[in-house]
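User: Here is a chain I would like to understand before going back to the bench. Please take me through the reasoning behind the labels given to its parts.

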Amino acid sequence: MAAARVMASTTLIGASSSALFKAAVASPFFKPQSVTFRFNNSPKLALKKRGFACSALYKPDVQIKEEGLPETLDYRVFFVDDSGKKVSPWHDIPLHTGDGAFNFIVEIPKETSAKMEVATDEIYTPIKQDTKKGKLRYYPYNINWNYGLLPQTWEDPSLANPEVDGAFGDNDPVDVVEIGEKRGNVGQLMKVKPLGCLAMIDEGELDWKIIAISLDDPKASLVNDVDDVEKHFPGTLTAIRDWFRDYKIPDGKPANNFGLGNKAANKDYALKVITETNESWAKLVKRTTPAGELSLV
């Protein structure tokens, strides 16, 4: 499982096709020894102070810092700014990139099964492996797409959605299923465009799945809405729905359900979901909505 000890290390996050980057991050988990990458084809951008208008940057100058061993209870992937200060991937990474696209943070790389997620109740909300009854959680089979979150979004558990059976939000950031061909890495920041969304209902809670593609993907220019996904990635929408419908069945739980006619809604609907959950996040961090056990740092 966990291999050789991974020392605390830092790696610049962001999508790149450079040979150096590919060689260094072939594993789904970052395991460099104090290696830092900077890419000359984009300017160095400073992480902006958190703001609710979400005027954003792509590739803000943040790095990841691993603490502990992968696939252990102590493993954490923290995000740090250029001064070495820890920041929150949920609260401090901007949502918008300023050109109609969005920042997406990979939690679970494609073709892996460790259930990694942002720890919303821990200070600086690092990425960790989820647990149940003190044991690390794994999906029963690999997930076939890069999976993660949209920063600065929140599915408010006090809001019932009349369009989706009156289901309440699941108290987490909005999930993203990125369908591109390249496997990401835990903590990697990608620039994506939404193509559609699925309204998954998990034990009565609304758990949106935004279908998106990395702008670095070779087919990115060909897909701009949900109908394009079926044309250029035939069967993918059905496969995503079926995967999330069935993944709990091996553990003896019932299948998940989906609203909106059991079909993927289009890009415009996905953008509406993103806007609404971004507004909910803004109310959360302004403390006009109770945070409960969630960390706002």
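**Helix 4 and its surroundings**

Analyst: In this predicted model, helix 4 covers residues 267–285, and because 19 residues at 1.5 Å a residue should span 27 Å, the 27 Å between its end C-alpha atoms agrees with that expectation.

User: What makes the contact at the start of helix 4 a polar contact, and which atoms form it?

Analyst: The pair is a side-chain oxygen of Asn266 and the backbone nitrogen of Asp268, and the oxygen reaches to within 3.3 Å of that nitrogen. The cut-off for such a pair of N or O atoms is 3.5 Å, so the contact qualifies.

User: Which residues of helix 4 are buried, and what do they pack against?

Analyst: The buried residues are Tyr269, Ala270, Val273, Ile274, Thr277, Asn278, Ser280, Trp281, Ala282, Leu284 and Val285. They pack against strand 5 (102–108), strand 16 (189–202) and strand 17 (205–214). Beyond the helix comes Arg287, whose phi is positive, near 65 degrees.

User: Why is Thr289 called buried?

Analyst: Its relative accessible area is 13%, and buried means under 20%, so Thr289 is buried. Thr289 sits in the segment after helix 4, where, leaving out residues up to four places away in sequence, it touches Trp154, Asp156, Lys283 and Leu284.

User: Why is Lys248 called buried, although Lys counts as charged?

Analyst: The label rests on accessible area: Lys248 has a relative value of 9%, which is under the 20% cut-off, and therefore Lys248 is buried. Lys248 belongs to the loop between helix 3 (236–246) and strand 18 (257–258). Apart from neighbours within four places in sequence, Lys248 is in contact with Asp202, Glu203, Lys253, Pro254 and Asn256.

User: What is the volume of the largest pocket, and which residues are closest to its centre?

Analyst: The largest pocket has a volume of about 750 Å³. It is lined by 34 residues, of which Lys115, Glu117, Asp130, Asp170 and Asp172 are the closest to the centre. Two or more lining residues come from each of strand 5, strand 7 (116–118), strand 12 (146–149), strand 16 and strand 17. By class, the lining has 19 charged, 13 nonpolar and two polar residues.

User: How many helices and strands does the chain have, and what share of its residues is buried?

Analyst: The chain has four helices and 18 strands, and buried residues account for 53% of its 297 residues. Among contacts between residues at least 6 apart in sequence, 69% join residues at least 24 apart.

Methods:
Residues are numbered from 1 along each chain as its sequence is written. This is a predicted model: local features need pLDDT of at least 70, side-chain atom pairs count only at pLDDT 80 or more; totals for chains, interfaces and linings use all residues. Side-chain values use heavy atoms; hydrogens and water are left out. The expected span of a helix is 1.5 Å times one less than its number of residues. Buried means under 20% relative accessible area, exposed over 50%, partly exposed in between (1.4 Å probe, protein chains only). Contact means heavy atoms within 4.5 Å. A polar contact is a pair of N or O atoms within 3.5 Å; within protein, one must be able to donate a hydrogen and the other to accept it, and residues adjacent in sequence count only if both atoms are side-chain atoms. On a 1 Å grid over the protein atoms alone, a cavity is a set of points where a 1.4 Å probe fits but cannot get out, and a pocket is an open set with protein on both sides within 12 Å along at least five of seven lines; lining residues have an atom within 4 Å of a point. Grid points are joined across faces, edges and corners, and a volume is the space filled by probe spheres set on the points. Ala, Val, Leu, Ile, Met, Phe, Trp, Tyr, Cys and Pro count as nonpolar, Asp, Glu, Lys and Arg as charged, and the others, Gly among them, as polar.
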